Amino acid sequence: MGLLVAEALDPQPAQANPPIAGDSSGTATSTGTAAFAIGSHASTGNAVYAMALGFKAIAGCWATALGRQANASGGDATA
């Protein structure tokens with residue numbers, strides 16, 4: 001039983017491969033390493049370590065775009 005508890009508490013890396021992209025219309029795009037886009041027309045393109053969440057949200061490398069038409073294009077940018 002101790003082994004089961006230890007395995008349950010150890011953090012595990014995300015298993016999504018390719019990176020995640022999803023919305024009800026099928027228009028979100030995300031192909032970069034450790035990146036994801038959720039929302040109609042949301043995109044990270046091929047940016048790495050990026051998150052785009054919301055309608056037409058766009059995020060570049062190492063950036064986070066959150067909200068309707070948010071655009072975070074610079075490295076480490078947040079919009």
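Strands in these legends are DSSP runs of E with at least two residues, numbered from the N terminus.

**Figure 1. Overview of the protein chain in a predicted model.** One helix and eight strands make up the list of elements in the chain. Along the sequence they follow the pattern α-β-β-β-β-β-β-β-β. Of the 79 residues, 28% count as buried. The chain exposes about 5100 Å², and carbon and sulfur atoms supply 61% of that area. Among contacts with a separation of 6 or more, residues 24 or more positions apart account for 0%.

**Figure 2. Close-up of Thr 44 in strand β4.** Is Thr 44 buried or exposed? Thr 44 counts as buried because its relative accessibility is 5%, and the cut-off for buried is under 20%. The side chain of Thr 44 is joined to that of Ser 30 by a polar contact of 2.8 Å. Leaving aside residues up to four places away in sequence, Thr 44 touches Thr 29, Ser 30 and Thr 31. Its further contacts include Ala 35, Phe 36 and Ala 37, as well as Ala 50, Met 51, Ala 52 and Ala 59.

**Figure 3. Close-up of His 41 in the loop between β3 and β4.** The strands on either side of this loop are β3, residues 36-38, and β4, residues 43-45. His 41 has a relative accessibility of 42%, so it counts as partly exposed. Which distance separates the C-alpha atoms of His 41 and Gly 54? They are separated by 8.3 Å, and the two residues are 13 residues apart along the chain.

**Figure 4. Close-up of Lys 56 in the loop between β5 and β6.** Strand β5 covers residues 51-53 and strand β6 covers residues 58-59. Lys 56 is not a glycine, yet its phi is positive, at about 55°. Most residues other than glycine have a negative phi. The relative accessible area of Lys 56 is 37%, and Lys 56 is therefore partly exposed.

**Figure 5. Close-up of Asp 76 in the segment after β8.** Strand β8, which precedes this segment, covers residues 71-72. What is the phi of Asp 76? It is positive, at about 65°, although Asp 76 is not a glycine. Asp 76 counts as exposed because its relative accessibility is 61%, and exposed means over 50%.

How values were computed: Residues are numbered from 1 along each chain as its sequence is written. This is a predicted model: local features need pLDDT of at least 70, side-chain atom pairs count only at pLDDT 80 or more; totals for chains, interfaces and linings use all residues. Side-chain values use heavy atoms; hydrogens and water are left out. Helices (H or I, at least four residues) and strands (E, at least two) are DSSP runs, numbered from the N terminus. Buried means under 20% relative accessible area, exposed over 50%, partly exposed in between (1.4 Å probe, protein chains only). A polar contact is a pair of N or O atoms within 3.5 Å; within protein, one must be able to donate a hydrogen and the other to accept it, and residues adjacent in sequence count only if both atoms are side-chain atoms. Contact means heavy atoms within 4.5 Å. Accessible areas come from the Shrake-Rupley method with a 1.4 Å probe; for residues, only the protein chains shown count as cover.
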